[in-house]
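Let's take a walk through a protein model together. Keep the picture open beside you as you read, and find each spot as we get to it.

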Amino acid sequence: LSIFAGAIGNAVRVIVKHGWIEPSCLWTGVVALPGSMKSQTQAAAAAPMHDAQRSADADHGIALTEYQSAKAEHEAAKKPRGKGV
């Protein structure tokens with residue numbers, strides 16, 4: 001739940017009642033002895049979110065490249081050609 005609350009951030013808020021709005025803020029902590037695999041467990045729980053973020057970053061990179069190419073083509077088409085223009 002903490003991972004998803006962090007992913008949502010301040011983008012979504014819940015209106016409990018008029019004048020009472022809460023963000024999706026969830027404070028959690030893991031309490032265990034040293035060496036009890038806390039970090040590995042947290043990494044495994046967060047892995048799907050990290051995978052989704054990497055995929056979204058790759059998709060964004062492709063879309064940005066396509067946009068920049070289309071923009072360059074559009075700008076080139078707008079430029080006047082020839083001396084008389």
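Before we start, one bit of vocabulary: a residue is called buried if its relative accessible area is under 20%, exposed if it is over 50%, and partly exposed if it falls in between. Also keep in mind that what you're looking at is a predicted model.

Let's try the vocabulary out on M37. This residue sits in the loop between β2, which covers residues 20-23, and α2. Its relative accessibility is 49%, and because the cut-off for exposed is over 50%, M37 counts as partly exposed. There's something else to notice about its backbone: M37 has a positive phi of about 70°, although it is not a glycine.

Now follow the chain from that loop into helix α2, which spans residues 38-78. How many salt bridges does a search of the whole structure find? The search finds two, and we can visit each in turn.

Start with R54 and D51. Their side chains meet in a salt bridge, with N and O 2.5 Å apart. Why can these two pair up along the helix? R54 and D51 are three residues apart in helix α2, so about one helical turn separates them. As for how open they are, R54 is exposed, with a relative accessible area of 52%, while D51 is partly exposed at 44%.

Go further along the helix and you'll meet the pair K78 and E75. Here the closest N and O atoms are 3.8 Å apart. That still makes a salt bridge, because the cut-off is 4 Å. Once again the partners lie three residues apart in helix α2, which means about one helical turn lies between them. K78 counts as exposed, at 53% relative accessibility, and E75 is partly exposed, at 34%.

While you're on the helix, go back to D51 for a moment and look for G29. These two residues are 22 apart along the chain, and 23 Å separates their C-alpha atoms.

G29 makes a handy stepping stone, since it is one of the residues lining the largest pocket. How do you look for a pocket at all? Rolling a probe the size of a water molecule over the atoms shows where empty space is left. The largest pocket here has a volume of about 180 Å³. Its lining is made of L1, S2, I3, T28, G29, V30, T41, Q42 and A45. Two elements give two or more residues each to that lining: α1, which covers residues 2-8, and α2. The largest share, three residues, comes from α2. What sort of residues are they, by class? Four are nonpolar, five are polar and none is charged.

Our last stop is on the surface. V14, V16 and W20 form a nonpolar patch there, and together they have about 280 Å² of accessible area. To find it, look for strand β1, residues 13-17, which is where V16 sits. V16 has a relative accessible area of 43%, so this residue is partly exposed.

Technical notes: Residues are numbered from 1 along each chain as its sequence is written. This is a predicted model: local features need pLDDT of at least 70, side-chain atom pairs count only at pLDDT 80 or more; totals for chains, interfaces and linings use all residues. Side-chain values use heavy atoms; hydrogens and water are left out. On a 1 Å grid over the protein atoms alone, a cavity is a set of points where a 1.4 Å probe fits but cannot get out, and a pocket is an open set with protein on both sides within 12 Å along at least five of seven lines; lining residues have an atom within 4 Å of a point. Grid points are joined across faces, edges and corners, and a volume is the space filled by probe spheres set on the points. Helices (H or I, at least four residues) and strands (E, at least two) are DSSP runs, numbered from the N terminus. Ala, Val, Leu, Ile, Met, Phe, Trp, Tyr, Cys and Pro count as nonpolar, Asp, Glu, Lys and Arg as charged, and the others, Gly among them, as polar. Patches are made of residues with over 30% relative accessible area and no salt bridge: like charges are joined within 9 Å, nonpolar side chains (Val, Leu, Ile, Met, Phe, Trp, Tyr) within 5 Å. Accessible areas come from the Shrake-Rupley method with a 1.4 Å probe; for residues, only the protein chains shown count as cover. Buried means under 20% relative accessible area, exposed over 50%, partly exposed in between (1.4 Å probe, protein chains only).
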